[in-house]
Every structure is written in structure tokens, then in C-alpha cells.
2 protein chains.
Amino acid sequence: MTIAQASATGSRVRSESYDELLRLLREAAVLGSVESLLSWDQETMMAPRGAPLRADQLSALSGITHAKRTDPRIGELIAACEADEAVTGDAAERVNLAEIKRLYERSTKLPGKLVSELARTSSEAMEAWKAARAKSDFAMFAPWLEKTFELHREKAACYGLPESPDGSPVTPYDALMADFEPGMTAHQVEAIFAPLRERLTALIGAIGASGVTPDDALLRERVPLEEQIAFNKLVAARLGFSFEGGRLDVSTHPFSETMGPGDVRMTTRYSEARFPEACLTTMHETGHSVYEQGLNDTGRFGQPLGMHISLGIHESQSRMLENFVGRSLPFWEWALPEARKLFTTDISRHTPEQAFRAVNAVRPHFIRVESDEATYNLHIMLRFDLERALLAGDLSVADLPGAWNERMRADLGLEVKEDRLGCLQDVHWSMGAIGYFPTYTLGNLYAGQMWDKIGADVPDLDDRMRRGDYAALLAWLHEHVHAVGRLRTAPALCEHITGSPLSHEPLMRHLEAKLGAIYGL
Amino acid sequence: MTIAQASATGSRVRSESYDELLRLLREAAVLGSVESLLSWDQETMMAPRGAPLRADQLSALSGITHAKRTDPRIGELIAACEADEAVTGDAAERVNLAEIKRLYERSTKLPGKLVSELARTSSEAMEAWKAARAKSDFAMFAPWLEKTFELHREKAACYGLPESPDGSPVTPYDALMADFEPGMTAHQVEAIFAPLRERLTALIGAIGASGVTPDDALLRERVPLEEQIAFNKLVAARLGFSFEGGRLDVSTHPFSETMGPGDVRMTTRYSEARFPEACLTTMHETGHSVYEQGLNDTGRFGQPLGMHISLGIHESQSRMLENFVGRSLPFWEWALPEARKLFTTDISRHTPEQAFRAVNAVRPHFIRVESDEATYNLHIMLRFDLERALLAGDLSVADLPGAWNERMRADLGLEVKEDRLGCLQDVHWSMGAIGYFPTYTLGNLYAGQMWDKIGADVPDLDDRMRRGDYAALLAWLHEHVHAVGRLRTAPALCEHITGSPLSHEPLMRHLEAKLGAIYGL
């Protein structure tokens with residue numbers, strides 16, 4: 001870890017150009033953080049009639065931020081730094097500079113008008129999506145989806161086809177995916193997803209045939225919301241979330257959004273029944289937020305060395321807390337007694353073992369975010385395939401509901417009767433996040449591969465979790481992931497940490513072992 | 001009302017320069033509305049460690065908004081419009097243009113650096129004030145107050161001395177006050193406050209000597225917060241606040257903040273006891289917010305004809321709902337039965353008459369916002385005098401607590417033992433609102449004078465209020481105040497509506513009649 005150590009010392013190189021460059025990037029990041037607040041507020045606080053103004057605000061501000069990010073002065077400073085050994089002589093700063101350059105060049109390819117138009121459309125389409133989903137009326141949303149994909153074809157054309165890291169073919173989809181998962185192509189994702197799909201389908205089939213139905217009576221206990229909120233805050237804090245530097249609120253679609261240093265916000269959702277599911281959702285968002293709070297601690301706001309590596313790595317952090325911790329027996333051995341203390345509802349008849357089985361029940365579900373750890377990935381593959389077809393024009397927006405429903409039938413044996421339980425369920429396409437979905441399953445895969453290594457590095461982890469002690473896990477994540485910033489690409493980080501390239505093996509071994517035991521396979 | 005009617009038709013003059021001018025102003029207003037969100041969020045939502053970033057965001061954004069407001073193109077367009085009869089031939093648009101010019105010229109007098117510095121200092125000083133107030137430690141806040149007044153001396157110097165509307169003397173304080181109360185000087189305010197003070201002091205003295213203590217047992221009933229929130233929302237909605245276009249939240253210092261069309265937010269504060277006081281606070285903020293929602297309905301966001309006239313007029317709207325409605329018997333004849341329906345606490349032994357007397361109890365209080373309708377104005381005069389002395393340098397920041405406490409003793413007979421109950425109680429100086437305080441009492445005066453006229457125009461108003469019917473009152477306010485935008489200055493509006501210049505008479509007659517009856521004077 002010599003490179004990471006160099007970057008972590010905080011002793012900065014001496015170059016006036018570099019200093020000015022970092023200052024300009026920070027200024028752009030401050031403006032970007034205002035956009036984050038506008039988005040967070042739109043999802044959590046804003047009254048319905050505020051929507052048109054919000055679209056104006058986001059459009060105006062994104063244009064200003066974009067101008068700041070593409071300021072020609074940044075290009076001049078990058079060139080000056082490239083010629084300055086004070087910068088290039090430092091391994092970490094060299095990586096920082098190269099990534100600054102990559103991001104700058106990508107930004108300059110987008111006209112400001114398109115950036116503003118994308119921001120406005122995303123804000124407006126989000127409101128259209130909310131209304132359409134509430135009425136389960138796809139026709140209301142279709143024109144917005146049409147427009148969103150059209151604008152993203154234009155965006156992909158501006159970016160141009162990215163370089164292929166391994167000579168495999170690339171398409172315009174890759175240009176968009178690089179916003180979320182730099183360093184990986186759709187072709188590479190397919191190569192990892194194919195064997196995963198095969199073993200996953202076999203496992204889900206065997207579970208279905210097992211005839212076992214885990215006792216999930218715990219999920220039907222009704223717990224008042226105020227008490228659940230207290231419990232969720234306790235869990236989030238124990239897992240490292242600082243409430244001095246952030247908030248936990250409620251929204252329809254849970255998310256984590258970073259304003260910047262000292263201000264990382266996440267949301268969850270509660271129902272009176274199913275308190276363990278709200279808890280898992282909070283743990284998921286806590287994974288994202290603790291990563292962001294860790295990045296803030298680098299003191300490198302606005303620089304690649306202070307940024308998350310990729311959304312796949314981001315998702316590895318959330319999935320790890322949700323699935324590898326939250327769906328483990330040791331976690332419930334600590335958490336269930338804590339819940340008992342906080343709840344007026346008497347849940348004393350349920351054991352941690354029952355909680356563990358309840359949150360691991362495998363049952364195909366219409367809704368992605370309510371799916372179990374195994375079938376979840378089939379949801380992702382569905383969206384990954386459909387969004388590529390939509391972008392390429394191989395699938396028309398009008399045909400989306402049909403294609404979605406057919407695939408749900410084939411993959412999960414479910415008959416979608418309402419689009420709000422089908423292609424209207426997710427916020428992503430409305431917010432213009434195309435090329436985002438595959439990062440969820442990549443996150444599961446990265447989490448699985450890291451978890452093996454954590455188990456080797458922290459041999460008494462289960463005992464610690466049983467006591468509610470997550471300090472060693474958090475320290476590991478902080479050292480190996482959070483503090484690293486964007487020093488490495490996601491595939492390189494994976495190899496660096498685990499010694500092997502990303503594979504479906506660790507995740508499948510984990511699922512087969514855990515679910516195999518529960519379902520007696 | 002021919003001018004107002006012309007402005008209200010919506011049929012706009014045809015001038016390309018004018019159209020472009022209004023477009024630029026709207027763009028600046030959109031950016032300004034983002035600053036409003038940042039401020040609202042800082043007061044209601046932001047976690048403590050977000051404060052430094054928030055100061056950066058406000059500083060950066062205020063600089064950008066200022067540049068947009070002072071764009072030389074705006075100056076060119078103003079000149080072009082002044083030479084265009086299509087604009088100047090329309091009475092309302094002529095007023096609009098003149099006020100656009102006045103605001104533009106004021107803005108261009110401030111260097112962008114000073115504007116950013118003021119925004120940063122206000123955001124930082126606000127956090128310092130919160131901390132100092134919590135500890136009642138004036139020394140913690142003193143350096144920030146020092147800096148705030150210093151920056152405002154600089155701001156006043158940039159503005160230069162304003163023209164005196166009546167030849168009376170002006171000082172740098174007037175330059176600042178013009179941000180809040182254009183069209184009126186401190187000298188004119190003094191001339192109105194002096195006789196008010198005299199009659200007020202006599203009335204308060206007589207009340208003190210009356211030996212009467214109104215029964216305020218109602219104020220000691222404990223009502224759960226959730227039920228109070230439901231009651232406050234009911235009252236706010238009945239008084240015309242649209243929750244589709246705004247929010248009601250909780251903050252330490254209640255306020256109303258407009259983001260822009262469709263997004264007007266207000267806050268209140270609750271304690272389990274004293275539910276009528278939370279209700280009055282909400283009614284106060286509702287007055288502000290309904291004015292803003294009415295201004296939004298003009299469709300003139302960013303233009304003077306879509307702006308509030310002055311803070312005095314703004315305050316007249318909040319004071320009217322708080323004092324003339326909320327402290328009236330007819331209001332409680334409607335509201336108390338409504339509260340009974342919503343509260344699990346049994347308040348059936350209290351009559352509307354008792355509620356009316358309880359909320360009209362006159363009792364000198366350390367805290368301005370907890371003061372009664374009469375002594376409140378002495379608080380304002382104290383701040384008005386001290387902030388002028390501080391700005392002029394006649395009073396040093398170090399001497400402020402002493403001067404404050406001495407004045408509280410002289411005016412209200414109260415011995416201030418802690419600065420949090422004294423000079424640390426109000427947010428205004430920390431947020432850099434110097435020249436703002438007098439507008440509160442001006443609001444009381446305007447409200448009193450308008451209320452007389454409303455009584456003449458809507459003779460059955462008391463009966464209507466008794467039934468919870470506020471439609472006629474709201475329609476009157478909408479027509480005579482909200483829809484007018486900034487077509488007239490505050491003194492001109494007062495004369496136009498009531499036929500007389502602003503005077504202390506109507507307010508004093510109202511107080512003497514109401515309180516005289518309660519206290520048997």
C-alpha cells in the first residue's frame with residue numbers, strides 16, 4: 001500500500017498550478033453540492049407545486065457548475081501540472097492528476113445546453129414518474145422515458161465510444177456506463193453475469209423445490225414507527241454513521257446523497273409491519289453513507305483521491321452491511337435483543353435464529369428492492385438487458401411493459417398485472433441514470449470477494465458482530481476502501497485487496513452455503 | 001385601482017428589450033431561490049458538521065447571483081426600455097421598470113467580494129450565535145457581531161446616503177434600512193414611534209396598576225405535539241396557506257422563507273404546554289406565507305410587481321393574522337371547539353372567552369417573541385435604538401449587554417440575568433439583518449390602520465370569523481395587498497387603502513379598547 005500511504009500522509013506536493021487546480025475543483029464541487037441538496041430536498045421535503053421551480057433551479061445550477069468544471073483554465077493547469085515533476089513525481093498525485101484530466105475531458109465533450117437540459121428533464125421526469133407510478137399508468141411516463149433515452153443517446157454521442165480496456169467491443173452504452181463504473185465495459189459485465197446467472201438459477205430452482213418455508217412470523221409483528229426510527233438510528237450509528245455529520249429521513253425510494261464534508265444524508269422507509277426490512281434498508285444506505293463520510297475524512301473534497309471509485313464499489317459497501325452483516329446470524333444475535341429493549345411490541349418469542357431465517361427467505365418478488373439476496377440479481381440482469389436494448393433502439397419505449405413482463409415471467413415466474421409493480425417501479429430511468437443498474441450486482445460480487453478477505457484478516461469477526469462490535473470491520477473498510485479514494489480503478493482495487501480479478505465464485509459460495517443450510521439443500 | 005388593474009390583466013406590453021430584461025431578472029431570482037433553500041435547510045434540517053460547507057455554498061452562490069443581478073446587460077436593457085414607449089406608456093410597467101432600475105443601481109454599488117463575504121459571515125455568525133445563545137455566553141458571539149457591524153458599515157458606505165423623501169436628515173443606517181423598508185427613513189420612523197411610545201407606556205402602566213390578572217389556566221394544559229401539529233395545520237390551511245405549495249416545519253426561531261412559485265415554507269415551535277402560543281406563532285408565519293403565495297400568483301417572479309412592498313407591509317400581514325385575528329374573541333369561538341375535537345387532552349372546561357383573555361394577558365417578558373401585543377413594541381424600540389448606536393459606533397459591541405439590560409430595566413422593569421434572555425435572544429444581527437427591527441412595529445401600525453378599513457369593507461367580519469370563514473378577509477388582503485406587488489411604496493399603499501398617512505392612532509385605539517375592556521380600565 002505504498003501508493004495509498006503516500007496519498008494518505010496529507011503532505012502535499014508544492015506546485016502553484018496544482019494548488020490552483022485543486023482550488024478550482026473544490027469550487028466546482030461546492031456548486032455541485034448545492035445541486036445535491038436540491039435533489040435531496042426534492043425527494044424528501046419539497047411540496048408538490050415546487051416541482052417546476054426545482055427543475056429551473058437544477059437546470060440553471062447544473063449549467064453553472066458545468067461551466068466551472070469545463071473552465072479552460074482547468075485544462076491549462078492540467079497541462080502545466082503534467083509538465084511539473086513536483087506533481088508527477090508523486091505516485092498518488094500522478095493518479096489524481098490523470099483522473100482529473102479524464103473527468104475534465106469527459107465534461108468538455110458535453111455542451112452546457114445539453115447538461116442543463118438533462119438536469120431539467122431529470123427533475124421533471126422524476127415528478128412525472130411519481131405521478132405515473134401512483135396511478136400505475138405507463139402512458140403518462142412514456143413520453144418522458146422517450147425523451148430521457150433520446151437525450152442520453154445524444155450524451156453518448158458527445159462522449160464518443162470509450163477505449164476498450166481489453167479489446168472487447170464497446171457500444172454507446174459503455175460511454176454512459178463509464179459515468180458510473182469507469183474501467184469496466186458492458187461486455188465484461190456480461191462475461192461475469194453469465195456464469196452467475198447460471199448458478200443462481202440453479203440455486204433458486206433448488207430452493208423452490210426444497211419445500212422448505214422459513215418461519216417469518218417476526219416480519220408480521222407491528223412496531224410503531226417512532227420505535228423503529230430509534231432502532232434504525234441505533235443500528236446506523238453502531239455501523240459507523242455520524243449523525244453529527246448527516247441525517248436519516250424517510251422517502252419513497254431510499255437513497256444516500258452526499259452534500260459534501262460534514263453533510264451526508266440518507267433515507268429509508270418504514271412500514272409498521274416488517275421492521276427487519278426497514279432495518280436492512282437502513283443498513284444498506286448506511287454502507288453508502290459511511291463510505292462517503294470516510295471519503296470526506298480524506299480532506300480531498302472535489303479531487304479524485306477524495307471520490308468513490310465506482311458505483312460498483314459504492315454498492316459493495318452498502319451490500320456488505322445489508323447482506324453480509326444484516327442477513328447474518330451474528331448480527332441478529334446482537335440486534336434482536338436491542339430491538340426488544342426499544343420496542344413496546346413484545347417480540348420476545350422470536351429468536352435471533354428465526355430472525356436470521358426470516359430475512360433470508362428466498363421468494364421471487366415483483367419489486368427489486370423488496371427482493372431477497374439471490375433473486376435480486378435476476379432483477380438487475382433484466383434491467384441491464386432492457387436498458388441496453390432501449391438505448392440501442394432495439395426496444396421501443398412503447399414495447400417496454402410487454403418486454404418487462406415477459407422477462408419477469410421467464411426469469412422469476414411472476415405475472416406482472418400492474419406497471420407500478422413492473423417497469424414503473426424504479427426511479428433510475430426517470431432520473432436519467434442509464435448504465436447504473438449493473439453496478440448493483442457488481443456491488444454484490446465485490447462485497448462477496450471482499451468479505452472472504454475480511455474473514456481472513458479479522459478471524460473473530462462473527463464474535464465481534466455478536467457483541468455489536470463493528471469497529472474492526474469498519475477499520476478494515478476504511479483502510480482498504482474508504483481512505484483509498486480513487487487511487488485505483490474498481491477492477492484494480494479488487495485484485496489489489498483480494499489477489500484475484502472479480503469473479504462470481506465468492507458470492508455464489510456465500511449464497512450456496514447460507515441458503516443451502518437454511519433450505520436443507 | 002386603475003393602475004393595479006392594468007398590472008393584473010396579465011396582458012403584457014410588447015418590447016423585446018423588456019422581455020429580455022424580465023427573463024434575466026427571472027434567471028437571477030431562480031438562483032436567489034436556491035440561496036433561500038440553503039438558508040431554510042440550515043435552520044431546519046442541516047446536521048451541525050455541515051456548517052462550514054454551507055458557508056462555502058452560500059458565499060459561492062451569492063457571488064454568482066450578484067453577478068447575474070448586476071450584469072451590465074441589465075443596465076443596457078433598462079436604458080432601452082426607458083426609451084421605449086411600449087413600456088413607459090403602461091402605468092404599471094413604468095413602475096416596474098423604475099423599481100427594477102432602483103434595485104439594479106443598488107446592487108451594482110456592492111462589490112461581489114463584499115456580497116460573498118456578507119453571505120459567508122452571516123452563515124458562520126448564525127452558527128456562532130446558536131452556540132453562544134445555548135451557553136448564554138456573549139463573549140463567544142461578540143467577535144462575530146463586531147465583524148457583522150463592520151461589514152455593514154462597509155455596505156452602507158457602498159450604498160451611500162439615500163435621498164431623503166421629505167428633507168429630513170439621513171444617516172448610513174437609512175442606507176441599510178432601505179433594503180427592508182424602502183421609502184421610509186429612520187427619522188420618519190422615530191416621528192411615528194415617539195407618540196406611540198408615550199401612549200403605550202401609559203396603557204401598560206394602567207394595566208399594571210389595574211390589579212387584574214387574566215385567567216390563563218388554558219396556557220398550562222399539556223397537549224401532545226402531534227395533536228398540536230394537526231391543529232396548527234388546520235388553522236394555517238383555514239387562513240389560506242396552501243400545503244400543496246409549501247411546508248410547515250419546526251425551528252428554534254420561527255420564520256417564513258419563500259423559495260419561489262409553488263414553494264413557500266414556514267416554521268413554528270411547540271411546547272407541550274402553551275398550545276395557544278404555538279398557534280399564534282403559526283398564524284403569524286401564515287400571514288407572511290399567504291402574502292408570498294399571493295405574490296406568486298401574480299406570475300411575476302423576479303419582478304418588482306411580483307415582490308412584497310416592504311417588510312413593514314409584510315409584517316402587517318403576519319401581525320394581522322396573529323394579533324387582530326388570533327388574539328380576537330371571534331377567532332377562539334371557532335378555534336377552541338376545533339382544538340377540542342383534535343386533542344386527547346380534555347380542554348372542555350375552558351371557554352373561548354377565557355382563551356381570548358389568556359392570549360391577551362399583558363406581562364413584560366424578557367423575550368420579544370413571547371411578548372404580548374402591547375409590550376412587544378417596546379422591545380422593538382429598544383433594538384431600533386441600540387442597532388443604530390452600534391452601527392454609528394456610539395455603542396461598542398462590548399458594551400451591548402450592559403446597554404441592553406439597562407434599557408430592559410427602564411422600559412419593562414425587568415432585570416436581565418442571562419444574555420440568552422437578553423441581547424443574545426434574536427437571530428437578526430447574526431444573519432446580518434440590520435435595519436430590520438423597526439419593520440415589526442411598522443407592521444403592527446399598518447395592520448391596525450388596515451384593520452379599521454377591513455372592518456368598514458366587511459361589516460360582518462366578526463360573524464364570519466366566529467364560523468371559521470376567513471374567505472372574505474383573505475379576498476380583501478389579496479386584492480388590496482397581495483396582488484398589488486410593489487406597485488406602490490408602503491406609505492403610498494397605506495394612504496391609498498386607508499385614505500390617511502400611517503399613524504399610531506388606529507393601533508393604539510385597538511389596544512386601548514381591547515385591553516381596556518379586559519383590564520377594566
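**Questions about a predicted two-chain model**

Author: In this predicted model, α16(A) is followed by A:Gly393, which has a positive phi near 85°. Residues are numbered from 1 along each chain as its sequence is written, and chains are lettered from A in the order in which they are written. Because the model is predicted, local features need pLDDT of at least 70 and side-chain atom pairs count only at pLDDT 80 or more, while totals for chains, interfaces and linings use all residues.

Reader: What makes α16(A) a helix, and how many residues does it have?

Author: A helix is a DSSP run of H or I with at least four residues, numbered from the N terminus, and α16 of chain A, residues 376-392, has 17 residues. From its first C-alpha to its last, α16 of chain A reaches 25 Å, close to the expected 24 Å, where the expected span is 1.5 Å times one less than the number of residues.

Reader: Why is α16(A) called mostly covered?

Author: A residue counts as buried if 20 or more other C-beta atoms, placed from the backbone, lie within 10 Å of its own, as exposed if 12 or fewer do, and as partly exposed in between; in α16(A), 14 of the 17 residues are buried. For chain A as a whole, buried residues make up 50% of the 521 residues.

Reader: How do you know whether chain A is as compact as a globular protein of that length?

Author: Chain A holds 22 helices and three strands, a strand being a DSSP run of E with at least two residues. The radius of gyration, taken over C-alpha atoms, is set against the globule rule, 2.2 Å times the number of residues to the power 0.38. For chain A the radius of gyration is 23 Å and the rule gives 24 Å for 521 residues, so chain A is as compact as a globular protein of that length.

Reader: What makes the relation of chain A to chain B that of a two-fold axis?

Author: When the copies are superposed by least squares on C-alpha atoms of residues with pLDDT of at least 70 in both, a turn of 180° and a shift of 0.0 Å along the axis lay chain A on chain B with an RMSD of 0.0 Å. That is how a two-fold axis relates copies.

Reader: How do you know through which surface the copies meet?

Author: Two residues are in contact if their C-beta atoms, placed from the backbone, lie within 7 Å, and 31 residues of chain A are in contact with 31 residues of chain B. Of the interface residues of chain A, 100% are also interface residues in chain B, so the copies meet through the same surface.
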